[in-house]
Amino acid sequence: MGTTTPISSPIPAGELTFDHLESTVPAELVTAGLAGVSNVPYWLDSSQRPEALPALEGHITTDLLVVGGGYCGLWTALMAKERDPNRKVVLLEGHTVGWAASGRNGGFCEASLVHGESNGEAHLPKENKRLGELGMENLAEIAEAIERYGIDCDFTTNGVLNVATEPHQVDWVREEADNHPDMPFLDRDEVREHINSPVFHAGFWDKDGGALVNPAKLAWGLRKVCLELGVKIYEHSLATSLEATATDSVTVGTAAGTVRAAHVALATNVFPSLLKRHHLFTVPVYDYALMTEPLTEEQREAIGWKNETGLADMNNRFHYSRPTTDENGGWRILFGGYDAEYYFGGKVKPQYDNHESTYRKLAAHFYGTFPQLTGVKFSHAWGGAIDSCSRFFSFFDTSHHGRVAYCAGFTGLGVGATRFGANVMLDLLSGVKTERTELEMVKKKPLPFPPEPVAWLGVKLMTRALAKADRNEGKRGPFLRTMDAIGMGFDS
């Protein structure tokens, strides 16, 4: 855009904060915008969704069994066949491939393996730089695999625009840009040349560290490739038991069958592990998102956003947003994040997939962020569970004398990092030392969460402390500083 479109905001200048938006954007506008939304995740509400595969029945044997049909399981199965085309590989999925987090996320495929450079520096300072390099290599390999196999998943590599939505965040943005010459600093006018909003004070554009993807189409594309390579996939086949049946094999049971395997890769992520010792290492945190109806040409011109670039702000309770083109050529905007809900008991339940108050909050934030789009309605509103661990990036384990490998804890950045995790599991199962298996990231586990009710109380205290820090120019109070000191803090 050559000039910035004028914006008339419902909020006085200097008060464009998300707390103000919740009380200032008219309630009737939010109600109208959300009227008639579908609670089916937008990406899964597609004519391209494949027919379900049959469930497992009876007893079978295999060389490698993969439990879980999300990204981590799919990449594990695919790369196992790449490493050894003659290896027999079976994948069990409790519902359908890509149905859970892999089909519900925002479609940000980022290079980071450690949920951001600052988080990696806090937890693994000795190898953080190398992990950054490995993350970039992993992202490049994802792009190469998508091209090589012809996976149609709308993969675009225009990076992520990170924006300051509060005046004090401008210094943070400038520091990030100064530390990374390849991420240019954008002042108020320059950032609005990219995406036009009165909320944005500045930004830096990470052009190379991330891509956008249609997450469900990626999962379905990986599924198709796995089948073509000879992987046997059984859907609606929930794994319920794991036990050693002999010195050279492990048996996993389902409701209607069993699989005896030489090796097992557990990629269940947010769902309960078949190894009980992992139960306190992850908690399900629910994230929610909205998708707009298609914008008109006039609305698109008003907002700019000429590049297919992701958008994220610098708050602890951060928003993420991105454009996408639907099956009919319509141009839409996804807007999600901010609230992260943990429900007492730490269970994954269908009733948690929707949260009306969060939808209303997100709609108010959307209209306040993009007041030129106040006539736009939302077509979809949905949520899903994220497998969060206390260090906010993946951890690994083995059992049964190295015949079983486990990986989980991606905490919302699994679109890209799950492929790296899959490679680690295959390395661990091979029994051969590699650079990946020798990483402190792989050898060291996060701190476990305490049992209930302490876990629920701790998450609520953390959420309130992060909100307070957002309202206090990012200054971290005693609780957050204590969590930082013991290794359970997070600075987004």
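The paragraphs below go through the aromatic pairs of this structure and then its largest cavity.

The model is predicted, and local features need pLDDT of at least 70, side-chain atom pairs count only at pLDDT 80 or more, and totals for chains, interfaces and linings use all residues. Residues are numbered from 1 along each chain as its sequence is written, and side-chain values use heavy atoms, with hydrogens and water left out.

A pair of aromatic rings is described by the distance of the centres and the angle of the planes. Across the whole structure there are 18 aromatic pairs, where rings of Phe, Tyr and Trp (its six-membered ring) pair if their centres lie within 6.5 Å, and planes under 30 degrees apart count as stacked, over 60 as edge-to-face and the rest as tilted. Trp-99 and Phe-271 are a stacked pair, because their ring centres are 6.1 Å apart and their planes stand at 20°. This pair links distant parts of the chain, 172 residues apart, with Trp-99 in the loop between strand E2 (89-92) and helix H4 (101-104) and Phe-271 in the loop between strand E11 (257-266) and strand E12 (283-292); helices (H or I, at least four residues) and strands (E, at least two) are DSSP runs, numbered from the N terminus.

The largest cavity (on a 1 Å grid over the protein atoms alone, a set of points where a 1.4 Å probe fits but cannot get out, with lining residues having an atom within 4 Å of a point) holds about 80 Å³ of space, a volume being the space filled by probe spheres set on the points, which are joined across faces, edges and corners. Its lining includes Phe-18, Phe-200, Asp-313 and Tyr-320, and strand E13 (310-313) and strand E14 (319-325) each supply at least two of the lining residues.

Technical notes. 1 Å grid on protein atoms, 1.4 Å probe; cavity = no way out; pocket = protein on both sides within 12 Å on 5 of 7 lines; lining within 4 Å.
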